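Here is a short briefing to keep beside the model while you turn it around on screen. Take a look at the overall fold before going through the points below.

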Amino acid sequence: MPALGAALVLLGLGWNFGLISGTAIVTDALPPDRRATTQGLVDVGLATAGAVGSLASGPVVARDGYPALALMGGLAALLVLPVAGRSARRAPGTSGPAGPGG
């Protein structure tokens with residue numbers, strides 16, 4: 001039980017560090033007039049993905065077990081990360097936190 005508690009604490013820390021840094025990167029790459037709307041959309045997307053993933057994981061584990069769930073999660077990450085990377089590189093008129101031109 002102590003190992004499970006420690007794992008959950010570390011998961012929570014990692015989730016929050018990733019969430020905060022990821023949303024900071026998204027908002028820094030946008031002009032100020034679009035930041036609030038985009039931040040709201042990112043938050044809704046994250047909450048929706050979390051809810052759908054949580055609801056979908058129960059039937060998968062019940063039918064096929066945890067190894068199948070881990071495999072599906074790994075495959076989803078391998079499919080989503082390259083698409084997200086391409087989308088980030090194509091953002092028009094942005095070149096990072098400093099803006100166009102450096």
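The notes below go from the whole chain to individual residues.

This is a predicted model, and its chain has a mean pLDDT of 82, with 81% of the residues reaching 70 or more. The chain holds three helices and zero strands, and from the N terminus on the elements run α-α-α. Of the 102 residues, 9% are buried.

**Overall picture**

- Helix 1 covers residues 2-28, helix 2 covers residues 32-64, and helix 3 covers residues 66-89.
- Among these elements, helix 2 has the highest mean pLDDT, at 90, while helix 3 has the lowest, at 81.
- The accessible surface of the chain comes to about 7700 Å², and carbon and sulfur atoms account for 74% of that surface.

**The nonpolar patch**

- Which residues make the nonpolar surface patch of about 490 Å²? The patch is formed by M1, L4, L8 and L11.
- One of these residues, L4, sits in helix 1.
- L4 has a relative accessible area of 48%, so it counts as partly exposed; the partly exposed class runs between 20% and 50%.

**T23 and its surroundings**

- T23 is a good place to pause in helix 1.
- Is T23 buried or exposed? T23 is buried, because its relative accessible area is 12% and the cut-off for buried is under 20%.
- The side chain of T23 reaches two backbone oxygens: that of L19 at 2.8 Å, and that of I20, which lies 3.2 Å from a polar side-chain atom of T23.
- Leaving aside neighbours within four places in sequence, T23 is in contact with Q39, V42 and D43.
- For one of these partners, Q39, the C-alpha atoms give a further view: T23 and Q39 are 16 residues apart in sequence and 7.1 Å apart in space.
- A24 is also found in helix 1, and its relative accessible area of 31% makes A24 partly exposed.
- A24 and Q39 are 15 residues apart along the chain, and their C-alpha atoms are separated by 9.1 Å.

**T38 in helix 2**

- T38 has its place in helix 2.
- With a relative accessible area of 18%, T38 is buried, since the buried class takes in values under 20%.
- Which residues does T38 touch, not counting those up to four places away in sequence? The answer is V26 and L30.

**The salt bridge**

- How many salt bridges does the structure hold? There is one salt bridge.
- R63 forms a salt bridge with D64, and the closest N and O atoms are 2.7 Å apart.
- R63 counts as exposed because its relative accessibility is 66%, and the exposed class begins over 50%.
- D64, at 40% relative accessibility, counts as partly exposed.

**P59 and L69**

- P59 belongs to helix 2.
- Its relative accessibility is 52%, so P59 counts as exposed, with the cut-off for that class being over 50%.
- How far apart in space are P59 and L69, C-alpha to C-alpha? The separation is 9.7 Å, and the two are 10 residues apart in sequence.

**To look at again**

- For a quick tour, you could begin at the patch made by M1, L4, L8 and L11.
- Next, go to T23 with its contacts Q39, V42 and D43, and then to T38 with V26 and L30.
- A last stop is the salt bridge between R63 and D64.

Definitions and conventions: Residues numbered from 1 in each chain as written. Predicted model: local features only at pLDDT ≥ 70, side-chain atom pairs only at ≥ 80, totals over all residues. Heavy atoms only, no water. Patch = residues over 30% accessible without salt bridge, like charges linked within 9 Å, V, L, I, M, F, W, Y side chains within 5 Å. Areas by Shrake-Rupley, 256 points an atom, 1.4 Å probe, with all protein chains shown as cover. Salt bridge = Lys/Arg side-chain N within 4 Å of Asp/Glu carboxyl O. Helix = DSSP H or I, 4+ residues; strand = E, 2+ residues; numbered from the N terminus. Buried < 20%, exposed > 50% of the residue type's maximum accessible area, 1.4 Å probe, protein only. Polar contact = N/O pair within 3.5 Å; in protein donor to acceptor, adjacent residues only side chain to side chain. Contact = heavy atoms within 4.5 Å. pLDDT = per-residue confidence, 0-100.
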